[in-house]
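Trainee: Could we go through this model one element at a time, with the reasoning spelled out before each answer?

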Amino acid sequence: MDDLVLDVTGLKAGYGPAEILFGVDLTLRRGEVAALMGRNGAGKSTTMKAIMGMLPPRAGRIRFAGADITGWAPYRIARAGLGYVPEDRRIFTDLTVAENLEVGRRPARGGRAPWTPERLWSFFPNLAEMRGRRASAMSGGEQQMLTIARTLMGNPDAVLLDEPSEGLAPVIVEQMAEAVLRMKEEGIAVLLSEQSLDFAAAVADRAIVIERGEIRWNGTMEALENDEQVRATWLTV
Amino acid sequence: MDIGFIVVQSLSGLASASALFIIASGLTLVFGVTRIVNFAHGSFYMLGAYIAVTVVPWLLEIDRSPTLFFVGVLISAIAVGVLGVLMELLLLRRLYKVPELFQLLATFGVVLMVQDAVLKIWGPVDIPGPRAPGLRHGVEILGQRFPAYELFLIVIGPAVLGLLWLLMHRTRFGILIRAATRDREMVGALGVNQAMLFTGTLFLGAALAGLGGALQIPRVSASSQMDLSIITEAFVVTVIGGMGSVPGAFLAAVLIGQLQAFGVLVFPKITLVLVFLLMAVVLVVKPWGLLGRPEAAAGRAALPEGILSIRAFGVPERIIAGLAIAAMLAVPVFGDTYMVKVATEVLIFALAAFSLNFLVGNGGIVSFGHAAYFGLGAYAAGLLVTKGGLPMEPALVAAPIAGAAFAALFGFFVVRLSGIYLAMLTLAFAQIAYAVCFQWVEVTGGDNGVVGVWPSAWASSRHVYHYVVAICAILAIIALRRVVYAPFGATLRAARDSEQRADAIGIDVRTHRWLAFTLAGGAAGLAGGLYAFSKGSIDPTLLAIPLSVDFLAMILLGGIQTVMGAVAGAAAFHTIKDIFMPLTDFWRFLLGASIIALVLIFPRGLGGAFAALRGRA
């Protein structure tokens with residue numbers, strides 16, 4: 001049990017009268033990369049927002065790093081060490097690259113070396129060259145790197161990464177995959193939501209398949225790749 | 001005109017601009033982070049002035065030094081900042097998620113409460129402040145004398161701009177504020193406690209207002225009317241500059257300062273009009289202001305839930321409506337003169353409030369200056385009778401025409417905007433109308449207005465005039481109600497719920513809204529005309545902000561999401577006001593507190609309560 005960094009049970013959430021999640025159960029182990037997979041509208045982003053406290057859970061329990069964080073405000077969840085990279089990036093376009101990182105800065109926990117802008121420049125060399133540039137003047141791929149870097153500045157133990165490859169050019173997608181693997185090397189657990197099997201297969205150890213607000217399948221990435229049946233039922237459009 | 005005069009005129013414009021910028025920068029900062037347009041910002045300014053005229057003379061007793069003068073000014077600013085923190089903790093915190101209309105009304109409730117508190121603490125007499133030691137002399141500039149204190153003000157505006165720039169770009173707090181201005185939810189998801197950020201912003205914003213007020217004391221006396229006059233100017237500055245943009249506020253303040261300094265030479269009577277015209281032009285050309293940007297989709301409603309289900313009257317509603325009409329018609333038979341007067345006014349305000357909810361509840365157009373059309377109707381009728389020598393009947397025909405004509409003129413600009421910018425523009429137009437009636441003394445009688453607006457001989461008794469009002473108001477309400485139920489009303493609701501979708505199915509949203517605005521203005525104009533003859537006089541309070549807020553309070557009390565709620569709300573509001581106002585010195589305080597309570601506790605009003613009861617039965 002101790003190796004679980006995130007443990008979600010029976011999570012229900014929705015917008016107004018619309019129910020989206022009907023009891024989601026999922027776990028994330030320390031240092032693991034898991035891919036939350038599903039079609040458009042299956043509930044991937046909603047799951048992440050609900051875990052992050054940005055959408056109040058209606059039922060269920062969320063434990064993170066041993067603490068029950070159900071119903072916490074997003075800022076407390078972030079301070080507890082759970083990072084969030086939203087699907088639509090949501091960088092602060094009026095701020096420079098360096099200022100965007102400053103917004104994300106939180107002290108490190110547990111004696112690990114803290115992330116600094118300098119460390120992140122070597123992680124994302126592209127960003128280093130444009131540290132003084134306004135974020136609004138960046139390309140989509142650069143903005144995607146910036147949102148990840150910004151979240152890393154919070155020194156998270158785990159990161160929710162919503163659709164990191166969406167809408168990016170193939171060469172940038174490769175860099176994203178590299179970034180995810182390097183986060184894993186640093187010991188950060190990653191739960192990423194993904195529609196593309198290729199990307200998930202390149203980075204994830206485990207796959208969790210969601211459809212219509214419930215988890216339908218859970219297993220190793222390898223098993224998913226070999227199981228035509230599961231893919232056809234829950235993933236193929 | 002000699003060059004020295006032009007330079008001095010321009011300098012005095014810059015001094016005003018500096019003062020205005022300091023106040024407006026606080027307003028725009030608070031709006032940028034909290035997305036609340038804080039009416040009470042003008043009250044903070046007023047409190048800054050009052051605290052300064054209390055603290056500074058006390059300090060100058062110790063030693064008449066410039067240092068102590070400015071220490072006093074800073075103490076005042078900080079004290080006001082603390083009051084801003086209190087307001088954030090007690091009120092604003094509960095308002096961040098409510099619709100914009102409710103935020104505006106609740107902060108206006110604070111304005112009313114502060115007005116009475118100031119009168120209680122400092123009394124009704126204006127209090128002049130001490131002049132600043134060391135800056136009392138004049139300076140010779142190109143042969144003209146110019147006050148040294150004004151020169152000092154010219155310096156302090158850019159100094160505040162520079163300090164704010166440093167704060168916003170060189171400190172973590174400032175960077176967080178700028179980030180929150182774009183996307184405060186994401187700032188929270190990155191581990192920033194928004195509550196602290198908002199409280200800090202309110203301290204800064206309120207302290208800037210307080211600083212603005214305290215710096216004014218050598219120039220103007222502290223008075224209990226300075227809150228509303230400054231807040232409209234500050235609104236105009238932030239709207240022209242772009243809401244949330246501090247440099248925009250500076251630019252706009254300089255523009256307005258110069259416009260006023262030179263406008264007063266060309267059109268001495270209508271400087272206020274010039275300022276509001278500038279705002280109208282800027283908003284039409286650049287709807288987000290000079291340096292503003294379109295609001296990021298913050299996922300927040302501008303409006304409370306409007307009228308959703310419109311059902312035809314069932315048996316209970318028919319009985320209630322029938323009884324209400326019968327009761328109104330029976331008042332002259334059974335009631336005394338006072339009751340007749342109250343009943344007449346209830347009918348008039350019911351029509352005005354109904355026409356406002358036609359815009360707000362049905363059309364999603366939040367007008368913050370509906371009293372303008374009421375007042376313009378009253379002035380049209382009143383002036384035709386007193387200056388034009390016409391009898392009552394044609395004057396009462398002219399009243400709705402005047403209301404509709406001005407609503408059509410102003411509405412042409414208004415319907416080009418949406419949300420908070422639209423509300424600000426309606427407010428600005430209402431202030432133009434107010435300014436004209438206030439400043440054009442020869443025609444309108446200025447502040448005193450015009451007396452002798454009496455009905456024709458046959459209708460001169462209160463009882464008969466009550467029936468004149470009853471027939472006009474009830475028929476007008478029935479007609480407007482039919483419009484709500486007609487396809488035109490449904491189209492307006494469609495455009496309210498989704499402008500884009502309405503557009504996509506071929507509805508000309510702007511034209512429909514424009515017609516609705518004109519129609520509502522006409523109805524309000526009729527109500528105003530009826531009111532003028534009921535009161536026998538006209539004066540600028542009939543177009544002023546407090547009456548606009550009264551109308552909004554009426555529809556809020558009645559329930560915005562019901563068709564007939566406005567009528568019940570007007571009746572309840574006016575009766576309560578008429579009974580309680582003479583009994584207490586703290587009427588405004590009570591009204592303000594009630595508006596806040598309504599917004600926080602009963603956002604659906606009386607009509608909502610009635611609908612809930614019916615739903616349960």
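Trainee: Which residues point one way from β7(A), and which the other way?
Mentor: The model is a predicted one, in which local features need pLDDT of at least 70 and side-chain atom pairs count only at pLDDT 80 or more, while totals for chains, interfaces and linings use all residues. Residues are numbered from 1 along each chain as its sequence is written, and chains are lettered from A and ligands numbered from 1 in the order in which they are written. In a regular strand the side chains alternate between the two faces of the sheet. In β7(A), accordingly, one way is taken by A:A158, A:L160 and A:D162, and the other way by A:V159 and A:L161.

Trainee: How many residues of strand β7 of chain A are buried?
Mentor: A residue is buried if 20 or more other C-beta atoms, placed from the backbone, lie within 10 Å of its own, exposed if 12 or fewer do, and partly exposed in between. The strand itself, residues 158-162, is a DSSP run (E, at least two residues for strands; H or I, at least four for helices), numbered from the N terminus. By this count strand β7 of chain A is mostly covered, and the number of its residues that are buried is five of five.

Trainee: Which residue is the bridge partner of A:D162 in β8(A)?
Mentor: Two strands pair if DSSP finds at least two bridges between them. β7(A) pairs with strand β6 (residues 82-85) of chain A in the parallel sense over four bridges, where A:L82 is matched with A:A158. With strand β8 (residues 189-194) of chain A, β7(A) runs parallel over five bridges, and there the partner of A:D162 is A:S193.

Trainee: Which are the edge strands of the open sheet of four strands in chain A?
Mentor: The order of this open sheet is β2-β1-β4-β5, with antiparallel pairing. Strand β1 (residues 4-15) of chain A is joined to β2(A) by nine bridges, one of which has A:T27 as the partner of A:D7. The edge strands pair on one side only, and they are β2 (18-29) and β5 (67-68) of chain A.

Trainee: Is the crossing of α13(B) and α15(B) left-handed or right-handed?
Mentor: The axes, lines fitted to C-alpha atoms over the stretch in contact with angles running from 0 to 180 degrees between N-to-C directions, come within 9 Å and cross at roughly 30° for helix α13 (residues 371-386) and helix α15 (residues 419-439) of chain B. That makes α13(B) roughly parallel to α15(B), a term for angles under 35 degrees, whereas over 145 is roughly antiparallel, 65 to 115 roughly perpendicular and the rest oblique. A crossing is left-handed if the near helix is turned anticlockwise from the far one by less than a right angle, and right-handed if clockwise. The crossing of α13(B) and α15(B) is left-handed.

Trainee: Which residues of α15(B) make the contact with α13(B)?
Mentor: Residues are in contact if their C-beta atoms, placed from the backbone, lie within 7 Å. α13(B) contributes B:A371, B:A372, B:G375, B:L376 and B:Y379, and α15(B) contributes B:F429, B:A430, B:A433 and B:C437.

Trainee: How many residues of chain B are in contact with chain A?
Mentor: On the side of chain A, α2 (74-80) and α3 (97-104) each supply at least two residues. The 21 residues of chain A in this interface are in contact with residues of chain B numbering 17.

Methods:
Contact = placed C-beta atoms within 7 Å.
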